[in-house]
Amino acid sequence: MKTGLIGGSVLALVASTVAVIGGGAPAAATVSYESPPSVQIGWTDAAAPDQAHDASGSANLPIGTWTDDAGVTHTTRVYATYDLSAFAGREVYGGTLRVQEKGVGDCADQATELWRTTAVDATPTWADAPAETGLLGSADTGATCPAAYTYDVSDALADATADGEQSITFEIRVRVDVEADPGYFRSVYWFDGLTFSMEYDTAPAVDDEVLVNGGFACAQQAPYPTIWSTLLQARVLDADGDRLSTDYAVWPIGDPEARTTYTATNTASGRIGAVTVPGTDLVSGGTYAWQARANDGTENSAWSPVCHFTWDDAEPSAPTVTSLTYPTSADVTAPVGELAGFTLSGEGDPDVAGFAYSWTGTGGSACAYSGEYGQLVCPDPFGYAGRVRADVPGGTATVRLTPEGSRFYVRSVDAAGNVSAEVTTVIVVPDSDPTITVTNGDPRWNEPIEVRLAPAAGVTGVTEYEVKADDGGTETIPAEADGTAAYRWTTTSTTWTHLRVRSHSASGFVSTEASYDHYLDIATGPGVTSDVYLPQEQGSFGGAGVPGTFTFTPPLGWTEVDSYEYSFDIIDTPVSVPAGADGTATITWTPDHAGYYGVDVYATRADGGVEHTYYEFSVAE
């Protein structure tokens with residue numbers, strides 16, 4: 001008996017044991033940094049209490065008391081508001097506001113303060129300034145002047161985001177008791193004088209729509225899938241793009257205290273985190289519940305919904321196979337044109353849910369990592385070709401199909417998709433090739449070839465033929481009432497042509513393949529024929545003074561000819577004649593004496609290609 005998780009009890013297992021499974025390092029504790037956009041940046045002036053001054057151009061931002069060129073004294077404070085709306089739902093861990101000084105009244109005097117105020121959505125006026133809600137920090141005289149100061153605003157940000165605030169406003173001013181002293185005046189550099197940065201993390205999430213166990217989708221309600229693979233998968237998400245780890249908690253159904261956690265590491269956001277639960281931690285036939293959560297090194301997601309599966313790794317018993325139509329002994333005459341029928345039996349083994357069968361070997365699982373996010377996808381064990389369910393568990397199934405060989409392979413299949421050892425049945429299958437008869441003479445290049453197709457003796461009910469000529473695609477042509485059919489094609493080969501044919505019967509029977517192959521005339525020169533002076537091997541024809549025509553045709557494989565050049569006997573001067581639109585030329589010639597003759601013919605293309613033929617004939621006395 002296997003030990004592990006068993007419904008209602010725990011054997012050799014401590015609850016909440018953690019096993020790390022998967023490649024790479026676990027997710028590191030990490031946070032992200034971002035500079036939120038500003039809503040407003042500007043300053044107020046006691047000398048113009050009803051006027052707001054937005055930051056603009058290359059003007060530095062004044063803080064404290066100063067006198068302009070006209071002798072007017074000003075006391076000013078700077079306000080900066082930042083948009084926090086993008087951080088809703090995120091965990092904010094901290095933030096800073098860096099202030100870069102540009103001008104000073106007296107380096108020895110420094111009393112600048114940073115305050116949080118009630119939020120504004122536009123630069124305020126001195127008379128209508130927002131209320132100060134808390135001092136966030138003070139700047140002391142430093143070693144450099146002008147200086148840069150970085151204020152920790154983490155607490156203010158935590159309060160603002162916790163309260164659901166959409167923005168936060170900061171005030172930069174000189175301490176009130178010395179605010180009227182020009183020695184404490186400071187200005188903030190217009191270019192990069194204010195730099196606001198937030199430290200945050202977005203909690204990861206599990207995509208509840210992509211939870212997979214053993215290649216099958218999560219089932220929250222019975223009936224639960226029975227699986228043979230212990231692979232658990234969940235798609236994990238992180239808006240910050242962090243690498244994630246994924247915890248998978250597994251327990252026997254009805255015993256949530258017997259909970260074991262397995263962890264996948266280093267998963268990219270949007271992809272699948274996966275663990276394989278060790279088979280030693282499960283019991284074949286047991287039903288289990290599980291759920292997943294993601295971790296980015298800083299935060300955990302919520303747990304996913306609870307999924308369920310039944311695990312089965314037991315191999316069913318091998319089937320028995322009985323041939324219904326074809327004999328298994330060569331001493332018995334085999335039928336022609338019949339479907340092969342087989343009865344497959346589980347012999348009463350209740351673990352046998354059906355069967356896998358094939359003429360070439362049944363192979364293994366059809367599961368594949370073909371999901372959109374890399375998840376394993378398994379079809380129903382009986383949801384594709386070559387699978388059939390038994391009539392009852394351990395029962396039988398009958399299949400009828402075209403024989404594609406003499407060996408028929410069968411395995412038993414259980415509800416999880418486990419398969420038994422393979423059983424091979426050898427049957428006697430006679431040839432059923434249709435006949436192919438050429439009806440228009442020997443095939444020639446670039447000329448139609450006509451054939452008549454007829455079923456093999458004993459094959460009845462033929463409705464169509466599947467044909468494939470040369471290297472073209474497969475065609476289907478209908479049969480006539482007597483089961484025959486005519487087919488025509490033109491070969492494009494200059495050397496040989498071939499045809500492959502199968503007949504299809506109304507019963508679903510498909511014959512074995514018939515083939516026709518013919519090597520063509522491989523002569524490469526132009527063709528020469530004559531109405532009077534036939535080739536020498538056929539005898540002597542015509543006579544002195546008897547004219548005859550000679551027709552020149554294109555060399556095999558040529559689709560165009562520019563001209564022909566010919567000469568009768570080697571002493572004659574060659575004569576050129578243009579080819580017609582069909583690529584041929586015809587000339588008339590009259591012999592002046594009896595005896596042996598020969599004509600040299602050269603075919604010429606416009607691109608300069610040339611082919612030669614020597615035609616021999618005899619002139620009668």
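Two strands pair if DSSP finds at least two bridges between them. With that in hand, here is a friendly tour of this predicted model, one view at a time.

**View 1. Strand 26 sits between two partners in a three-stranded sheet.** Strand 26 and strand 29 run antiparallel, joined by 6 bridges. One of these links can be found at A340, whose bridge partner in strand 29 is L401. On the other flank, strand 26 (residues 340–345) runs antiparallel to strand 25, with 4 bridges between them. Here V321 has L344 of strand 26 as its bridge partner, and T322 stands opposite T343 of strand 26. The full order is 25-26-29, and the sheet is open. Strand 25 (320–323) and strand 29 (396–401) are its edge strands, each pairing on one side only. From one strand to the next, the twist averages 20°. How much of strand 26 is buried? Buried residues make up 5 of its 6, so strand 26 is largely enclosed by the rest of the structure.

**View 2. Helix 1 turns one face inward.** Helix 1 spans residues 154–162, and its buried residues are S154, A156, L157 and A160. Seen down the helix axis, these buried residues fall within an arc of 160°, so they line one face of helix 1. On the face turned away from the buried side you will find the exposed residues D155 and A162. What covers the buried residues? The cover includes strand 9 (90–104), strand 10 (112–117), strand 11 (132–138), strand 12 (148–152), strand 13 (167–174) and strand 15 (194–202). After helix 1 comes G164, which has a positive phi near 75°.

**View 3. Four strands form an open, antiparallel sheet.** Read across the sheet, the strand order is 17-16-19-22. Strand 17 (216–217) and strand 22 (272–276) stand at the edges with a single partner strand each, so one side of each is left without a neighbour in the sheet. Strand 17 pairs with strand 16 (residues 205–213) in the antiparallel sense, over 2 bridges. To find this pairing, look for N213, which stands opposite F216 in strand 17. A general point helps when looking at any such sheet: strands pair through backbone hydrogen bonds, either parallel or antiparallel.

**View 4. Strand 46 pairs with strand 45 and with strand 40.** In which sense does strand 46 pair with strand 45? Strand 45 (residues 595–604) and strand 46 are antiparallel, with 10 bridges between them. V601 is a handy landmark, with T613 of strand 46 as its bridge partner. The two strands make a hairpin with 5 residues between them, and in this hairpin G608 takes a positive phi near 100°. Strand 40 (residues 540–541) pairs with strand 46 (residues 610–619) in the parallel sense, over 2 bridges. There, F541 has V619 of strand 46 as its bridge partner.

**View 5. P434 is a buried loop residue.** This proline lies in the loop between strand 31 (423–426) and strand 32 (435–438). Is P434 buried or exposed? The cut-off for buried is under 20% relative accessible area, and P434 has 4%, so P434 is buried. Leaving aside residues up to four places away in sequence, P434 touches A454, P455, A456, Y465, V501, R502, S503, S511, T512 and A514. Look also for E513: its C-alpha atom and that of P434 are separated by 7.5 Å, although the two residues are 79 residues apart along the chain.

**View 6. Stepping back, the chain holds 1 helix and 46 strands.** The radius of gyration is 46 Å, well over the 25 Å that the globule rule gives for 621 residues, so the chain is more spread out than a compact globule. Taken along the principal axes, the C-alpha atoms fill a box of roughly 145 × 85 × 40 Å. Of the 621 residues, 45% count as buried. Among contacts with a separation of 6 or more, 70% come from residues 24 or more positions apart. The accessible surface comes to about 29,000 Å², with 49% of this belonging to carbon and sulfur atoms.

Terms used. Residues numbered from 1 in each chain as written. Predicted model: local features only at pLDDT ≥ 70, side-chain atom pairs only at ≥ 80, totals over all residues. Heavy atoms only, no water. Axes fitted to C-alpha atoms, helices over the stretch in contact; angles between N-to-C directions. Buried < 20%, exposed > 50% of the residue type's maximum accessible area, 1.4 Å probe, protein only. Arc of directions from axis to C-beta. Contact = heavy atoms within 4.5 Å. Rg over C-alpha atoms; globule rule 2.2 N^0.38 Å. Areas by Shrake-Rupley, 256 points an atom, 1.4 Å probe, with all protein chains shown as cover.
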